[in-house]
Amino acid sequence: MRIKNILENYLFITPAVLIFAIFYIIPFIYVFRLGFYDWDGIVPLKDAVFVGFANFKEMLFQDPSWWQAMRNAGWVTIIALIFQNAIAFLLAWACDREIKMKNFYRVIFFIPPVLSEIVVGMVWRFIINDVEGANMINRMLTAIGLPNLVHSWLNDPNTALTTVAIVHSWKGFGWGFLIFLAGLQAIPSELYEAAHIDGANAWRSFKNITVPLMMPVIILVSILTVLGTMQAFVLIIGLVGGEFAGHTSVPVLRILAVMRDSSRFGYACAQGISFGTILVIISFIQYRFSKERQPKTA
Amino acid sequence: MRAAIYYKIKKSTINTLIHLFLISVTVICLYPLLWMVSSSLKTQETVFKDFSLIPHQLHLNNYVLAWQEGGFGRCFLNSIFYTATVVVGIVIIASLAAYAFSRLKFPGKNVLFIMFIAAMMIPIPGSFVALYVLLNKLHLRNTPVGYILAMINVGLSVSIFLLKTFFDKMPKELEDAARMDGCSKLGIWWHVALPLAKPVLAVVVVFNTLAVWNEYILALIIFDSRQFMPLQVAIKLFQGEFVTNYPLLMAGLTIAALPVIIVYLVMQKYIVKGVTSGAIYG
């Protein structure tokens, strides 16, 4: 009876465990094994050549395209961290009060995040690409009397990556906005009232109440931004079309190209392991940092 | 008195500035989408001349062309099929597992649950490389079944986590009563637990619907045949083939974007809930 009972309970988790084992655990093991092999994806897997740490060495010391991709992702992440999150915070702060149409704004700001990266990339490409003078940004610059700022934003290697970062921020700020707003609304209004009675002006109460109490939320949003932005790449496929000779290449695009264009599955896996490790370390550091900074009262 | 008036003026100025800021961001959010829809209603000749948001003449023909000649009709149905099957699959499989993790006893329960949570936290960028190899081995690459199973796996961990958190907080009285009445465990899961979990199931359904509809990379590496492709992959191919026909392309993009916008507008309450609770705990 007891055994039958346990078997019956296992029935509940069997489908989940099976799918998880086949589509998560086995690929996970594959990635770690293949990282140490040289394999073109065509010959039988058992004929793949074991190369030890050669893939990792190549990535670290002989592959400038990998480091360029890392730098590019870092640049996009810095812009997203500062620009996108600042906008998100400001919007949340602006909505955290008795104002009209608050719900309307909240609904609108989360539209970009629900769209697919492909759609967003291709729509923005149509808006800022140089096809027969259809570039909306350039036409606006001309209209407001700044024709010398007209530029082919996506075709110039100097501006392509930053353009990617800005479109990425357009797509992503709604996440931060919603989380910041929830955080701000959780701050009891008595605190502000008490500060007001004590004669604190708006800036003082922002600095001494809002910022310290919001610190855990700010760090959470930062972690999500870093993890999300470092791994973003589909938007670039939609917006630029691909790596643009390395100018808009990011790590996951590199992995995809190494696998699909160069058929070097082992090397692609080595890059995936290293990059995944870096992401885990980053989020761990940020998490520890957030523990230390957390106010004792919260 | 004067101070009160001064205070009022100051407050309304601040309010006006805040509205100006919010409205300008609203315009920046909506403009690209309105421009997409508007361009999809123009022709190749007028799209580069008529820059107004409301076209002088509405050309619905682009939608007909995209649907038929672009092969969008087929891919649209593919996307709907994948989204429906994956979401139903996730709801059933994840709620069964979450219920067991929350209520039932069996050896290895904690280890298994920790594994699911770890999978949720640890990113493996480039896991698609291994998935490609695996599906090839299983002869599931370039098949809808392979894609559906892989996508169920993608949404599984987070959904189990959300549902288990909910079941943990759910009062047990109703389940006990059902057991007294001779209801089996599966019966309790189906007749008691699932109906009570409706609010969190809605969150699970919305997020997975958006995720599957918008998914690109797995579909890209899994499918070679156009007949199986979902919209997101097909539209990128389409861009390569009809590179200069922008109104047609915009019609295709509108077809791909409209369903998620509608789902979002209808279910936005659950999205806010998911983002603010799920994100903070996940």
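## Chain A

In this predicted model, buried residues make up 39% of the 298 residues of chain A. The secondary structure of chain A consists of 13 helices and 2 strands, and its C-alpha trace spans about 75 × 75 × 35 Å along the principal axes. The radius of gyration of chain A is 24 Å, whereas a compact globule of 298 residues would have a value near 19 Å. Among the contacts in chain A with a separation of 6 or more, 74% join residues that lie 24 or more positions apart.

## Chain B

Chain B has 12 helices and 0 strands, so that its elements, read from the N terminus, form an uninterrupted series of α elements. Of the 282 residues of chain B, 42% count as buried, and the C-alpha trace of this chain spans about 75 × 70 × 35 Å along its principal axes.

For chain B the radius of gyration is 24 Å, against a value near 19 Å for a compact globule of 282 residues. Residues 24 or more positions apart account for 76% of those contacts in chain B that have a separation of 6 or more.

## Two kinked helices of chain A

Helix α3 of chain A, covering residues 64–95, has 32 residues and reaches 45 Å from its first C-alpha to its last, which is close to the 46 Å expected at 1.5 Å a residue. A kink of about 30 degrees is nevertheless present in α3(A), and it is centred on A:A80.

Helix α8 of chain A, covering residues 157–185, has 29 residues and reaches 43 Å between its first and last C-alpha, close to the 42 Å expected at 1.5 Å a residue. The kink in α8(A) is about 40 degrees and is centred on A:G172. This helix is mostly covered, with 21 of its 29 residues buried.

## The surroundings of A:M230

A:M230 is found in helix α10 of chain A, which covers residues 202–230. The residue counts as buried because 23 other C-beta atoms lie within 10 Å, the threshold for burial being 20 or more.

When neighbours within four places in sequence are left aside, A:M230 is in contact with A:A73, A:T77 and A:L279. A:M230 and A:Q68 are 162 residues apart in sequence, yet 13 Å apart in space, C-alpha to C-alpha.

## The contact between the chains

The contact between chain A and chain B takes 66 residues from chain A and 65 residues from chain B. On the side of chain A that touches chain B, the largest share, 19 residues, comes from helix α1 of chain A, which covers residues 2–34. The residues on this side of chain A divide into 56 nonpolar, 7 polar and 3 charged.

## The largest nonpolar core

The largest nonpolar core has 161 residues, and the members that touch the most others are A:L91, B:A94, B:A97, B:V129, B:L163 and B:L253. The largest share of this core, 14 residues, comes from helix α3 of chain B, which covers residues 72–103.

One of these members, B:L253, has contacts in both chains: apart from residues up to four places away in sequence, it touches A:V119, A:M122 and A:V123 as well as B:M36 and B:I235.

Technical notes
Residues are numbered from 1 along each chain as its sequence is written. Chains are lettered from A and ligands numbered from 1 in the order in which they are written. This is a predicted model: local features need pLDDT of at least 70, side-chain atom pairs count only at pLDDT 80 or more; totals for chains, interfaces and linings use all residues. Two residues are in contact if their C-beta atoms, placed from the backbone, lie within 7 Å. Helices (H or I, at least four residues) and strands (E, at least two) are DSSP runs, numbered from the N terminus. Ala, Val, Leu, Ile, Met, Phe, Trp, Tyr, Cys and Pro count as nonpolar, Asp, Glu, Lys and Arg as charged, and the others, Gly among them, as polar. A nonpolar core is a set of buried Ala, Val, Leu, Ile, Met, Phe, Trp, Tyr and Cys residues joined through C-beta atoms within 7 Å. A residue is buried if 20 or more other C-beta atoms lie within 10 Å of its own, exposed if 12 or fewer, and partly exposed in between; C-beta atoms are placed from the backbone. The expected span of a helix is 1.5 Å times one less than its number of residues. The bend at a residue is the angle between axes fitted to the seven residues ending there and the seven starting there. The radius of gyration is taken over C-alpha atoms; the globule rule is 2.2 Å times the number of residues to the power 0.38.
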